[in-house]
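User: I would like to go through this model step by step. Please keep the answers short and give the reasoning.

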Amino acid sequence: GSMDANVAVLGTESVGKSALTVRLLTRRFIGEYGDIESIYSHSFMVNGREISLNIWDSPYSEKKVQWADGYVLVYSICDRASFNSVSRLIQTIRSKKDYMNAAKVPIVIVGNKRDLHHRRTVLSEEGRLLALNTDCHFYEVSAAENYHSVLMVFHGLVDRMKDAKLTM
Ligand code: GDP
Ligand code: MG
């Protein structure tokens, strides 16, 4: 059957939350995005199954932590403060969701702006280690350069959400 889920894209300012969201929806990178808080609907097929997502693109707000079934937590590989903020967000989300097993809350961690490797301040290993220690999936992507890797992020989250529905 089909699956409906709410997804929150969270992270500090300018890490590329809107760029990732718009890339998924349109396959394009526009370059400049407003600061409008939006909920987008998007459907795609995964293994012959239709998945409909409501994707909320906005700065962090506690209200939407409850609304969401899954989370895309974004930092920029050129912005250490944004990386630190992701580990705090994981704790906040886990403490607010009513799960038998907090590790099952579907969260994917995304290090964005991979194309800016000359300005990198957060190593891939650090992202991978954070994900390992917090039971999250981890991706490094470039919303600017690559549609496929952005699609993989959302596919990965859908897998986590399916898994959570079975074991919640
Ligand atoms: P938000 O505040 O998290 O929604 O960030 P935006 O999506 O508005 O992106 C902030 C800035 O970073 C914009 O100028 C984007 O063009 C730029 N940006 C977003 N993703 C990438 C990326 O993968 N690579 C590069 N080089 N720039 C990016
Ligand atoms: Mg934005």
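User: How do the residues of the shell around ligand 1 divide into nonpolar, polar and charged?

Analyst: This is a predicted model. The shell around ligand 1 holds 18 residues, and G16, K17, S18, A19 and A144 come nearest. By class, the shell divides into six nonpolar, seven polar and five charged.

User: Which helix gives the most to the shell around ligand 1?

Analyst: Among the residues that come nearest to ligand 1 are K17, S18 and A19. Residues 17–26 form one helix, and it supplies three residues of the shell. The top contributor is helix α1.

User: How many of the ten residues of α1 are buried?

Analyst: Buried here means 20 or more other C-beta atoms within 10 Å. In α1, that holds for K17, S18, A19, L20, T21, V22, R23 and L24. The helix is mostly covered, and the count of buried residues is eight.

User: Which residue with a positive phi follows α1?

Analyst: Most residues other than glycine have a negative phi. The residue after α1 has a phi near 65 degrees, and it is R27.

User: In which sense do β2 and β3 pair?

Analyst: Strand β2 covers residues 38–46 and strand β3 residues 49–57. S38 stands opposite D57 in β3. The two strands form a hairpin with two residues between them. Their nine bridges are antiparallel.

User: Is N47 buried or exposed?

Analyst: N47 is found in the loop between β2 and β3. Its phi is near 50 degrees, a positive value in a residue other than glycine. N47 has 9 C-beta neighbours inside 10 Å, so it counts as exposed.

User: Why is strand β4 largely enclosed by the rest of the structure?

Analyst: Look at both faces of β4. G70, V72, V74 and S76 are buried on one side, and Y71, L73 and Y75 on the other. The strand is largely enclosed because the number of its seven residues that are buried is seven.

User: Which strand joins β4 over six bridges?

Analyst: Strand β1 pairs with β4 in the parallel sense, but over four bridges. There, V7 has G70 as its bridge partner. On another pairing of β4, S76 has N112 as its bridge partner. The six parallel bridges belong to strand β5.

User: What handedness has the β-α-β unit of β4, α3 and β5?

Analyst: β4 and β5 run parallel. Helix α3, residues 80–96, completes the unit with them. The handedness is right-handed.

User: What arc do the buried residues S82, F83, V86, L89, I90 and I93 of α3 cover around the axis?

Analyst: An α-helix has 3.6 residues a turn, so residues three or four places apart point the same way. In α3, S82, F83, V86, L89, I90 and I93 are buried. They lie on the same side of α3, because their arc around the axis is only 105 degrees.

User: Which exposed residues does the face of α3 turned away from its buried side carry?

Analyst: α3 has 17 residues and spans 25 Å from its first C-alpha to its last, close to the expected 24 Å. Its face turned away from the buried side carries A81, R88, Q91 and S95.

User: How many C-beta neighbours has D135 inside 10 Å?

Analyst: D135 sits in the loop between α4 and β6. It has a positive phi of about 60 degrees although it is not a glycine. D135 counts as partly exposed, because its number of C-beta neighbours inside 10 Å is 15.

Technical notes:
Residues numbered from 1 in each chain as written. Chains lettered and ligands numbered in written order. Predicted model: local features only at pLDDT ≥ 70, side-chain atom pairs only at ≥ 80, totals over all residues. Near = placed C-beta within 6 Å. Nonpolar A, V, L, I, M, F, W, Y, C, P; charged D, E, K, R; others polar. Buried ≥ 20, exposed ≤ 12 C-beta atoms within 10 Å, placed from the backbone. Pairing = 2+ DSSP bridges. Right-handed = clockwise from strand over helix to strand, strands pointing away. Expected span 1.5 Å × (residues − 1). Arc of directions from axis to C-beta.
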